[in-house]
Amino acid sequence: MVVASTNSIRSEKIIPIELPVVDLTAERSMLIKLIVKSSEEYGFFNVINHGVSHDIIAKMEEAGFDFFAKPLAQKKQAAPGNPFGYGCKNIGFNGDIGEVEYLLLNANAPSIAQPSKNIYNDPSNFSSTVSAYTDGVRELACEILELMAEGLGVPDTLVFSRLIREVDSDSVLRLNHYPPILNKDSNHWDKSPSYNSCKVGFGEHSDPQIITILRSNDVGGLQISLEDGVWNPVTPDPSAFSVNVGDLLEVMTNGRFVSVRHRAVTNACKSRMSVAYFGAPPLHACIVAPPVMVTPQRPSLFKPFTWAEYKKATYSLRLGECRIDLFRKCTQVE
């Protein structure tokens with residue numbers, strides 16, 4: 001497995017891919033079928049006509065780039081304590097390194113407001129921008145989860161979305177900034193980087209939460225792995241949100257939906273910034289598939305566990321360590 005490093009990416013099979021595009025204004029039955037099919041086959045899809053206003057998205061991007069343009073000492077003031085706040089290079093607690101700097105926030109108003117108090121003359125502006133964006137993508141995540149439940153034939157279509165609507169939801173918002181590639185020989189930014197010159201920005205992993213709503217600027221970098229040994233670069237679409245299935249949703253669909261490994265690479269002379277909303281349940285929430293997902297033909301693959309238990313276990317791994325092995329060890333029925 002690949003562990004995040006600063007080494008160039010070499011000797012890997014790279015096959016570009018176009019993700020399925022889901023138009024939320026399309027006819028409902030066709031829309032639901034496409035969401036289910038995409039979640040089963042790719043674990044990823046793009047969403048257009050998503051209802052999050054262009055103004056909210058533009059302000060969020062501006063606020064993010066403004067934050068990362070600040071001096072390092074000032075950015076460090078946004079770190080009230082682990083795990084939230086500002087970080088650079090170091091990813092998590094287990095020695096993983098990437099070509100990335102980030103701002104991690106608990107997706108609730110007090111947490112969003114905290115870093116802005118330390119680094120902005122007008123903290124309310126940053127706080128309101130991030131809060132509006134978080135509210136928008138949370139609603140989008142809930143809408144998609146409800147469409148998924150309907151498409152799977154779950155009678156209670158709120159069964160997934162209810163978990164991230166809870167006031168004590170453990171959802172987070174993460175802003176990742178990937179600087180351009182510096183050509184050390186010429187001391188200039190590399191104007192035409194190839195895949196072989198790319199570096200790992202954020203190493204191979206799957207998202208442990210329920211669902212991820214991701215947006216990046218018009219710079220490529222996201223790669224998914226649908227087949228071992230093959231990486232599929234995803235063409236960026238600034239008008240769309242990328243949606244991907246998390247580990248918990250794979251469990252709650254009894255393996256129908258797939259939580260796919262992915263990574264981010266540095267790949268342009270232009271900075272790449274992504275903003276990811278990770279929809280998660282409260283720590284005490286019991287993760288189990290609805291009864292309709294378990295049949296004699298498809299028996300239960302996993303025993304119940306809490307998000308706190310899974311979070312503790314999965315966060316103890318390094319990037320690239322196999323999530324499926326963790327499922328078998330911690331949660332799969334013998």
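Two strands count as paired here if DSSP finds at least two bridges between them, and in this predicted model a good place to apply that criterion is strand 10, residues 211-216, which you can select together with strand 15, residues 272-279: the two pair in the antiparallel sense over 6 bridges. Within that pairing, pick T212 and look across to strand 15, where its bridge partner is F278.

Next, widen the selection to the whole sheet around this pair. The sheet is open and has 8 strands in the order 2-3-13-10-15-6-5-4, with mixed pairing. At its edges stand strand 2 (21-23) and strand 4 (85-91), and because each has a single partner strand, one side of each is left without a neighbour in the sheet. Viewed along the sheet, neighbouring strands are turned by 25° against each other on average, direction ignored.

Now add helix 1, residues 28-41, which packs on the sheet and touches strand 2, strand 3 (44-48) and strand 13 (241-245). The direction of helix 1 makes about 155° with that of strand 2.

From there, move to strand 14, residues 261-266. Is this strand enclosed or open to the outside? With 6 of its 6 residues buried, strand 14 is largely enclosed by the rest of the structure. Showing its side chains separates R261, R263 and V265, which point one way, from H262, A264 and T266, which point the other way, and all of these are buried. Strand 14 has antiparallel pairings with strand 9 (residues 199-205), over 4 bridges, and with strand 11 (residues 222-227), again through 4 bridges. To locate these pairings residue by residue, select K199, whose bridge partner in strand 14 is T266, and then I224, whose bridge partner in strand 14 is H262.

The last stop is the nonpolar interior. In soluble globular proteins, nonpolar side chains tend to be buried together. Here the largest nonpolar core has 62 residues, and those with the most contacts inside it are I144, M148, I210, I211, I213 and L249. Helix 5, residues 123-151, gives the most to this core, with 12 residues. Centre the view on M148 and, leaving aside its neighbours within four places in sequence, you will find it in contact with I35, V36, S39, F45, I211, L249 and F257. Finally, select L19, L214, A276 and F278, which are among the 13 residues of a second, separate core; F278 is also the bridge partner of T212 from the opening step.

Key:
Residues are numbered from 1 along each chain as its sequence is written. This is a predicted model: local features need pLDDT of at least 70, side-chain atom pairs count only at pLDDT 80 or more; totals for chains, interfaces and linings use all residues. Side-chain values use heavy atoms; hydrogens and water are left out. Axes are lines fitted to C-alpha atoms, for helices over the stretch in contact, and angles run from 0 to 180 degrees between N-to-C directions. Contact means heavy atoms within 4.5 Å. Buried means under 20% relative accessible area, exposed over 50%, partly exposed in between (1.4 Å probe, protein chains only). A nonpolar core is a set of buried Ala, Val, Leu, Ile, Met, Phe, Trp, Tyr and Cys residues joined through side-chain atoms within 4.5 Å.
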